[in-house]
There are 2 protein chains.
Amino acid sequence: MGKCINHPDRETSFMCMKHNLYLCEECLKCRDPKIHCKFRPSCPIWFMEKRGGKGIDDVPAVEKKIEYKILFMPENKEVSAVEGSTLLDAAMAGDIPLNASCNGKGSCGKCKLVLESGTGKFDDTPLLSQEEKTNNYVLACQTTVYSDITVRIPEETLEKKLQIAGMGKEVTARMQGLVQEISPMLQNIPLELQPPTLDDSISDLDRLMLGFVKSGCDTGRISVGLKVMRELAAAMRGENWKVTASVIKKSCSSEIVRVVPGNGDLSSLGVAIDIGTTSIVVYLVEMADGVIIAATSGHNRQAVCGDDVINRIVCAEKDGVKKLSSMGLATINGLINEAIDSAEVERVRIDNVVLSGNTTMIHLLLQIEPRHIRREPYIPSVSAFPILKAGHIGLKVNPMAAVFVMPGPAGYVGGDIVSGLIYTGFHREEAVTLFIDVGTNGEIVLGNKEWLMTASCSAGPAFEGGGIRWGMRAEEGAIEKITIDQKHFVPTFSVVGDVPPRGICGSGMIDLISEMLLTGMIRPNGKFNIDDTHPRITKDGDETAYILAFADETSVDKDILFMESDIDNIIRSKGAVYAGFKVLLNQAGFDFSMVDRMIITGGFGQYLDLEKAVTIGLLPDIDRAKFQYLGNSSIAGAYMTLLSEKYRKEAIEISNRMTYVDFSSNNQFMDEFTSALFLPHTNLEEFPSVKHMV
Amino acid sequence: MGKCINHPDRETSFMCMKHNLYLCEECLKCRDPKIHCKFRPSCPIWFMEKRGGKGIDDVPAVEKKIEYKILFMPENKEVSAVEGSTLLDAAMAGDIPLNASCNGKGSCGKCKLVLESGTGKFDDTPLLSQEEKTNNYVLACQTTVYSDITVRIPEETLEKKLQIAGMGKEVTARMQGLVQEISPMLQNIPLELQPPTLDDSISDLDRLMLGFVKSGCDTGRISVGLKVMRELAAAMRGENWKVTASVIKKSCSSEIVRVVPGNGDLSSLGVAIDIGTTSIVVYLVEMADGVIIAATSGHNRQAVCGDDVINRIVCAEKDGVKKLSSMGLATINGLINEAIDSAEVERVRIDNVVLSGNTTMIHLLLQIEPRHIRREPYIPSVSAFPILKAGHIGLKVNPMAAVFVMPGPAGYVGGDIVSGLIYTGFHREEAVTLFIDVGTNGEIVLGNKEWLMTASCSAGPAFEGGGIRWGMRAEEGAIEKITIDQKHFVPTFSVVGDVPPRGICGSGMIDLISEMLLTGMIRPNGKFNIDDTHPRITKDGDETAYILAFADETSVDKDILFMESDIDNIIRSKGAVYAGFKVLLNQAGFDFSMVDRMIITGGFGQYLDLEKAVTIGLLPDIDRAKFQYLGNSSIAGAYMTLLSEKYRKEAIEISNRMTYVDFSSNNQFMDEFTSALFLPHTNLEEFPSVKHMV
């Protein structure tokens, strides 16, 4: 506990991990950053942690305690848990995917479970309704175990199939034309060698090298490891001195990683992997022709440690980076298995891999220390990697497979953004492009073939459902498109998977706020402007909320609400992105009119309505023909990089070329952020097309 | 069983593994190769295996059987053994060092044990005397287990401390002057880095690389592995951005293998290791000044699988190469431990290693397939190695230590010979040198700075004690110098360690045969020329023997005999070496008179009498001033290579320069060998100085 920096009379348990300053709850929620929360919006890590109570750093080491059995229904999975640990701990230990956005801090209210038998000790929480409490709902992270327990995972807590932009047959079919010349990292080279005689008795390895020389290779720079040396004698004699050698081309030299008998099937497979903080996507690709033979996606299992990279790093500091790595690997390997099964291919044929992810995801996966990414001056350990071997990092493909890791220029601008550039290609063009990828952070790139500037702003996880009462990812049951009737404020919406809704995803929220603004339901400051007695309006405690769907329309048998604080969160997120645009343009001596193209990517859902994104002030009010929404560009760039040496070189070059601008100590960013905390903006002149509508 | 190729009426169980031909026991022992054993002396693997009976390839897979406990005294070590396995198997399983020269074939009679309780089933053997049988002596390899058993290892079966030429303070002190400029493979480079700021937020790894650039390194070719990346963040912040980076310089690039905080003690240690088939030598060296701070040596524990490389390969084929590797590593790591303890240094400081050994020893240690070395056309898997890491091959030093493996030009001329050249340096000189290293094989090198020819002849293990009834290595208790009084044929001898004798080593055998020849006790054909009734003469079965020491003079309480068949074996060995000299000289268009220097190395013992070696015809009868006996040159060359980049490059160059001549299909070798099967030679004119004495 400490004293709020704005209200020294108030004790508070929330602290910004960056600035080591305490903020009371009012300050945390308040909207005027100049007066109260001056550090919050510019702090790129934007990380408030509850201290003193169940704060992460204050959890004492668990003593040897009694173990209880926790049964999770409907999965019927039993997990052991020591006395005093939480149900969330048990779920994590048992690898049961729960939605736990805030990493167990008790602030998101997403990890709801229904207690069916047994007793736990639970703190009272305002995040559960009275009805839920009556029906034995508990928060997994706030319930400590004191007996054997049976819990049921309710519909709203279960994770469903993700809707990933960039999947689907037509998308992958379109991608297949992107790469003209295919040049894998690992190549299988057939060799026919002369059998040895008494007069020609050089060693097997020398004979192999001679074979390479005869096939035109420069052997001066070819290296061979012990593993290959150990298998060499048998491989060379296995099919009468015909062998196939697998060679990985590296920057300074090549390495022979495998020698097998015979000159049989030389075709190999590759996987392109996009490791998102939220979701992971895998493409399985025929290396010979670039055909995508399977595409799978799933939730990153690390999500149980929190929604954003900061929580993941905190988790890694507490439990060790290996744990986070295993969770990520488990997800990836599961998706690779799905892809292998669906395409009916042999795992061992996969010998080329590309990993694309933000800097933290890559650090965690490779078990590289991430803790300094979240501390000023936000330094990653490694930004560019040599070609790695799949077996060394735990990928379940051919252990000798060559792994290219997309390089990332900074702690908060990673390889996924470089992938995005590879795919969109604007760094090769004259036209000036403004690129934004919205996720937990909004990464912005501005530039063209001559220059590239990049920055990251704390958009927060709102567009991915984080911090929004009924917010969720673009999964089955998410409301993704909304219109509101002007007269009765009755919404019409479409839901991912055409099922009854159970929440709202990013594109749905943008639609909703835009519609609420244009119908006059809310004022430009985000406050409701509607009679409390209206049937669509309700109160939750002191807070006003709009009823987006009544309980009987939903799959969760509860009203799906959109709270005033949810609007507030979205305004903060869009304000951070818009401020980011302006400051980066300003640093380059540009304004919006000088931008030739604007590319938007990220996890909003498949159907982002760009017009409505302008209406709320997320995107600038410029010629709509300049906009392009490209969904997941990280996987697309990874796919291209998998196939082509040209793009692997380009990735390194892009990462080196980008100039990173830090916003965390930038006063202009603070001003722009404050001005952007209105719908669409404090200065309506910046949004002429919206101005005449509101 | 099969028919003898010379006597089709005889069934025999001995077979040459190379030629797949059976030879009866008479042919095996006979002296005229043209008539009987035409394949034996030229066959470089010279490997007779007992087939049909307990032959190696015919042992059926062991079924699940009852286990018994075998207690070995005086070590008081208990080992489990399944019913039907041999006491030698049990000793191997329990890592109890027994002398087992023939690898369990029952032909050497060295693995004697005394049965104290329990019962085994043992084949009757002529290799044990009646007295021994009465006293419950058995051969470990011929005794199968059918109950719990207690055995005592008698004095003569125990392995004692080796006498290694090249050890001792004065030898190591002399070596320390050999290397002028020290350039280790792994270097510790101190760096002082600029701490990062918001304006200078490159990754830790990029910052490290910048540090290298500032210190004048070319970073374009520096690679870094995952392990270093994982430790980097903590190391760089540990002592305020001062670090020490350890870099291994490789042929095409360098690799950073370790980064530790601070610029503290940069001094490191190295070990030079000579891996002999019989014995292993370790030098522990201060890399800064080349001072040898400890030198240790011991028996290669692989000896339990047989005396020579062929038996070791057979063992690897049967039990897997990993087992042989573990045995070698156990020996090496034990010796490293001894050296560390004696010098009182930290293991982690050892970060440079050189391994020098024959081709088979290196293959076995690194777990590389050795089986083709013993099969025509005798091909090793690998002859030259990249720099390896100690941790990867199981050496218990700093796991990141750089390991240089001496390259070897052929299956039967290995890195130990290249080491020998590095030490003697004749490949840098104008003078033509004939170099011989006598062990199980005699490796010969002829040449100077312009050309180098090399060959291997099957000397056999006789000079190391193998195949000689009371033969032993140059250990404590070995008779190493002998003179015989002309009148009464009474020997005067000196013994290693000044203790009562328990056998005879190589230098002793050369002295003995020379003396017996000069005193007229034996004829030039090696047969005794002395009255059977002489008190020094006895019979063992049909065979005549000379009593070198009476039972009461010895530590084994038995007469130490030198058999007619022992003389025969030595004549074969020296004949193969001498024939090798002549053929190699002939191939080069040379004769002995054109040789400027003759260097002899190998495991004879510390005091090889060169004059007597000429007398028996092992060395040519040339100017004695040209002779030089240098003991263990492999360890000396390894030491030099450890310290200097110059010698590491030279080693690779020497190995590539050597032209290997194969004797196995060489008719001239056969003729020369036959002519050399007399003392000193069939053609006495070749030995003028000996001629006038006999």
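## Exercises on the pairing of chains A and B

In this predicted model, a rotation of 180 degrees with 0.0 Å of shift along its axis brings chain A onto chain B, with an RMSD of 0.1 Å.

**Exercise 1.** State what relation links chain A and chain B, and which C-alpha of chain A is nearest the axis.

*Solution.* Begin with the operation: the rotation is 180 degrees and the shift along the axis is 0.0 Å. The relation is therefore that of a two-fold axis. Next, locate the axis relative to chain A: the nearest C-alpha of this chain belongs to A:C252, at 3.8 Å from the axis. Finally, compare the surfaces: 100% of the contact residues of chain A recur in chain B, and the same surface thus serves both copies.

**Exercise 2.** Determine how many residues each chain gives to the contact, and describe the side of chain A that touches chain B by element and by class.

*Solution.* Take as contacts the residue pairs whose C-beta atoms, placed from the backbone, lie within 7 Å. On this basis chain A contributes 39 residues and chain B contributes 39 residues. On the side of chain A, at least two residues come from each of α5 (204-214), β14 (222-224) and α6 (226-238). The largest share is that of α6(A), with 6 residues. Sorted by class, this side of chain A comprises 21 nonpolar, 11 polar and 7 charged residues.

**Exercise 3.** Find how far apart the C-alpha centres of domain 2 and domain 5 of chain A lie.

*Solution.* First fix the bounds: the domain assignment of chain A places domain 2 at 67-152 and domain 5 at 418-461 + 571-691. The separation of their C-alpha centres is then 39 Å.

Technical notes:
Residues are numbered from 1 along each chain as its sequence is written. Chains are lettered from A and ligands numbered from 1 in the order in which they are written. This is a predicted model: local features need pLDDT of at least 70, side-chain atom pairs count only at pLDDT 80 or more; totals for chains, interfaces and linings use all residues. Domain bounds come from an automatic or database domain assignment. Two residues are in contact if their C-beta atoms, placed from the backbone, lie within 7 Å. Helices (H or I, at least four residues) and strands (E, at least two) are DSSP runs, numbered from the N terminus. Ala, Val, Leu, Ile, Met, Phe, Trp, Tyr, Cys and Pro count as nonpolar, Asp, Glu, Lys and Arg as charged, and the others, Gly among them, as polar. Copies are superposed by least squares on the C-alpha atoms of residues with pLDDT of at least 70 in both.
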